[in-house]
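Visitor: Please pick one part of this model and take me through it closely, residue by residue. Once that part is clear, I would like to follow the thread outwards to whatever else deserves a look.

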Amino acid sequence: MTRFEVITGMAALPRRVFDLSLEVEVHTASMAGSGERVIGGVTSGRMRLGDTVTWEATHFGVRWRMTSRISACEPPGYFVDEQVTGPFARWHHAHHFEPDGNGGTVMRDVIDFAAPFGPLGTIAERTVLGWYLPRLIRLRNDHLRRAAETAC
């Protein structure tokens, strides 16, 4: 299993960043480069505790589907999404939102994941997924930051 963290500062209040992070449309817009779209579960609006959504996207030239559930939620401090079904042996993404002391937010993403296929999956984690997934989270966070800071 692999763990990584991405920390992103935003000039917007934690509640705003938290709320936007749970918006289906904000997420799909942030992942437009992979053609991500919703194909099941909550298809629009803000996700809530217990909600599931099935995403479909293309990565590495392969179309993937992942159903995730909001498994923990304490507004505006954090929420967790976890894979229910999909390409990973494990996917646990904790989103933390803290005031930065200057009217903004420090958002910290903590992702624990494991690729399937035992030792081959471990190799994939170390050689490809270990750099690719943090890059995706940073792309998402850049989009989220622009959205949060634009309409403050």
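Guide: Let's begin with R15, which counts as partly exposed at 41% relative accessibility; please keep in mind throughout that this is a predicted model. The side chain of R15 meets that of D19 in a salt bridge, with 3.1 Å from N to O. Both residues belong to helix α1, residues 14–21, and because they are four residues apart there, about one helical turn separates them. The general rule behind this is that an α-helix has 3.6 residues a turn, so residues three or four places apart point the same way. The two partners have different labels for cover: D19 is buried, with a relative accessible area of 15%, under the 20% cut-off, whereas R15, at 41%, falls in the partly exposed class.

The pair does not stand alone. R15 and D19 are linked with E23 and R46 in a network of salt bridges. As for the helix around them, α1 is mostly covered, with six of its eight residues buried. Those buried residues are P14, V17, F18, D19, L20 and S21, so the list takes in the acidic partner of our pair, D19, at 15%.

From here we can follow the salt bridges outwards. The structure holds nine of them. One joins D112 to R3, and their closest N and O atoms are 2.7 Å apart. D112 sits in strand β7 (residues 105–114) and R3 in strand β1 (residues 2–10), so this pair ties together parts that are 109 residues apart in sequence. Here too, the acidic residue is buried, since D112 has 10% relative accessibility. R3, on the other hand, counts as exposed because its relative accessibility is 55%.

The strands β1 and β7 have another such contact. R108 and E5 meet through their side chains in a salt bridge at 3.8 Å, N to O. It again links distant parts of the chain, as R108 is in β7 and E5 in β1, 103 residues apart. Both partners of this bridge are partly exposed: R108 has a relative accessible area of 27%, and E5 has 43%.

The start of the chain also comes close to a helix when we look at F4. F4 and L133 are 129 residues apart in sequence, yet their C-alpha atoms are 9.0 Å apart in space. L133 has its place in helix α3, and with a relative accessible area of 7% it is buried.

L133 brings us to the largest pocket. Along with H59, M66, F88 and W91, L133 is among the lining residues that lie nearest the pocket centre. The volume of this pocket is about 780 Å³, and 35 residues line it. At least two lining residues come from each of β3 (52–59), β4 (62–74), β5 (78–85), β6 (90–99) and α3 (118–150). Of these contributors, α3 gives the most, with nine residues. By character, the lining divides into 23 nonpolar, seven polar and five charged residues.

Strand β4 also leads us to the surface. W64 is found in β4, and together with F60 and V62 it forms a nonpolar surface patch with about 280 Å² of accessible area. W64 counts as partly exposed, at 33% relative accessibility. F60 is partly exposed as well, with 48%; it lies in the loop between β3 and β4. The backbone of F60 deserves a glance too, as its phi is near 60°, a positive value in a residue other than glycine.

F117 has a positive phi as well, near 75°. This residue lies in the loop between β7 and α3, and it is exposed, with a relative accessible area of 69%. One more backbone detail is worth a stop: a cis peptide bond joins P75 and P76, with omega at about -10°. P76 belongs to the loop between β4 and β5.

Conventions
Residues are numbered from 1 along each chain as its sequence is written. This is a predicted model: local features need pLDDT of at least 70, side-chain atom pairs count only at pLDDT 80 or more; totals for chains, interfaces and linings use all residues. Side-chain values use heavy atoms; hydrogens and water are left out. On a 1 Å grid over the protein atoms alone, a cavity is a set of points where a 1.4 Å probe fits but cannot get out, and a pocket is an open set with protein on both sides within 12 Å along at least five of seven lines; lining residues have an atom within 4 Å of a point. Grid points are joined across faces, edges and corners, and a volume is the space filled by probe spheres set on the points. Ala, Val, Leu, Ile, Met, Phe, Trp, Tyr, Cys and Pro count as nonpolar, Asp, Glu, Lys and Arg as charged, and the others, Gly among them, as polar. Patches are made of residues with over 30% relative accessible area and no salt bridge: like charges are joined within 9 Å, nonpolar side chains (Val, Leu, Ile, Met, Phe, Trp, Tyr) within 5 Å. Accessible areas come from the Shrake-Rupley method with a 1.4 Å probe; for residues, only the protein chains shown count as cover. A salt bridge is a side-chain nitrogen of Lys or Arg within 4 Å of a carboxyl oxygen of Asp or Glu. Buried means under 20% relative accessible area, exposed over 50%, partly exposed in between (1.4 Å probe, protein chains only).
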